[in-house]
Amino acid sequence: MVKELLMTPKIIAPSILAADFANLQRDVEMVNQSEADWFHIDIMDGVFVPNISFGMPVLRDIVKHASKTIDVHLMIIDPDRYISTFAGLGADILTVHYEACTHLHRTLQAIKAEGMEAGVALNPHTNIDLLEDVITDIDMVCLMSVNPGFGGQKFIENTYAKIKKLKALIHKTGATTKIEIDGGVTDQNAEKLIEAGADVLVAGSYVFKSKDQLGIIKHLKALVS
Ligand code: DX5
Ligand code: ZN
């Protein structure tokens with residue numbers, strides 16, 4: 001229990017990448033019924049990251065059944081090509097990678113113009129300082145706590161230091177940006193991440209590989225509330 005932070009509700013976002021794709025509707029309904037807040041959807045192109053996940057037809061069918069916020073994490077090069085497509089599919093938040101955008105400021109405005117919240121993800125090696133001139137334009141920063149491309153990887157401990165640095169930048173600039181943590185989240189690090197300043201925790205394998213998925217989500221939610 002993170003008592004001093006009771007006033008700000010923290011968000012749990014199960015990552016559908018770890019779901020059973022042969023039983024996708026069942027897993028989407030599980031998240032609907034759970035205490036989770038968002039669906040985290042990983043889109044990979046096999047170029048920006050060394051893996052391909054799923055694309056538009058699958059997202060369309062997820063959205064048909066999902067009753068919570070759709071948080072789309074694009075791990076693709078040149079994401080500007082697909083901003084309006086993802087808006088049309090029902091994304092509420094669209095996150096692009098800093099490393100994949102040549103004109104990040106323009107990309108963020110384009111996402112907002114489509115009525116979505118604009119997120120920026122940083123790879124583990126990418127320095128927080130690079131966001132200084134654009135932080136007030138960003139609704140959410142997604143700090144990758146693993147190298148993007150795969151679920152089930154080991155959490156990178158340097159993430160705590162990055163959260164603190166990002167939180168200081170947000171305070172300094174008066175921004176209202178949320179901080180999302182993506183990769184290797186479990187009950188072993190959830191509280192410490194929230195204490196460091198995180199607002200949103202993405203959890204893939206920890207939720208979906210469990211035999212008691214609803215119970216695990218409830219447990220995570222209780223740890224951060
Ligand atoms: C990794 C993805 C993550 C992934 C997290 O590239 O962005 O969202 O699904 O999975 P876990 O929680 O298993 O590390
Ligand atoms: Zn993700």
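**Exercise 1. Two helices that cross**

Is the crossing of H1 and H8 left-handed or right-handed?

Before we start, note that this is a predicted model in which local features need pLDDT of at least 70 and side-chain atom pairs count only at pLDDT 80 or more, while totals for chains, interfaces and linings use all residues. Residues are numbered from 1 along each chain as its sequence is written, chains are lettered from A and ligands numbered from 1 in the order in which they are written, and side-chain values use heavy atoms, with hydrogens and water left out.

*Solution.*
- Step 1: find the elements. Helices (H or I, at least four residues) and strands (E, at least two) are DSSP runs, numbered from the N terminus. H1 covers residues 24-33 and H8 covers residues 213-224.
- Step 2: look at the axes, which are lines fitted to C-alpha atoms, for helices over the stretch in contact, with angles from 0 to 180 degrees between N-to-C directions. The axes of H1 and H8 come within 10 Å and cross at roughly 40°.
- Step 3: decide the hand. A crossing is left-handed if the near helix is turned anticlockwise from the far one by less than a right angle, and right-handed if clockwise. The crossing of H1 and H8 is right-handed.
- Step 4: see who meets whom, with contact meaning heavy atoms within 4.5 Å. Asp27, Met30 and Gln33 of H1 meet Gln213, Leu214 and Ile217 of H8.

**Exercise 2. The zinc site**

Which residues coordinate the zinc ion (ligand 2), and in which strand does histidine 73 lie?

*Solution.*
- Step 1: collect the donors, which are N, O and S atoms within 2.8 Å of the metal (3.2 Å for Na, K and Ca); water is not among the atoms, so sites may look incomplete. The zinc ion (ligand 2) is coordinated by His40 (NE2), Asp42 (OD), His73 (ND1) and Asp182 (OD), at 2.0 to 2.3 Å.
- Step 2: place two of them on the chain. Aspartate 42 belongs to strand E2 (residues 38-44) and histidine 73 to strand E3 (residues 69-75), so this pair ties together parts that are 31 residues apart in sequence.
- Step 3: check burial (buried means under 20% relative accessible area, exposed over 50%, partly exposed in between, with a 1.4 Å probe and protein chains only). Aspartate 42 counts as buried at 4% relative accessibility, and histidine 73 counts as buried at 1%.
- Step 4: list neighbours. Leaving out residues up to four places away in sequence, histidine 73 touches several residues, including Thr95, His97, Ala121 and Met144.

**Exercise 3. Three residues to place**

Where are aspartate 78, proline 57 and threonine 136 found?

*Solution.*
- Step 1: aspartate 78 lies in the loop between E3 and helix H3 (83-89). Its phi is positive, about 45°, although aspartate 78 is not a glycine. At 39% relative accessibility, aspartate 78 counts as partly exposed.
- Step 2: proline 57 sits in helix H2 (residues 56-65) and is exposed at 55% relative accessibility.
- Step 3: threonine 136 is in the loop between strand E5 (117-122) and strand E6 (140-144), and is exposed at 53%. The C-alpha atoms of threonine 136 and threonine 173 are separated by 7.1 Å, although these residues are 37 residues apart along the chain.
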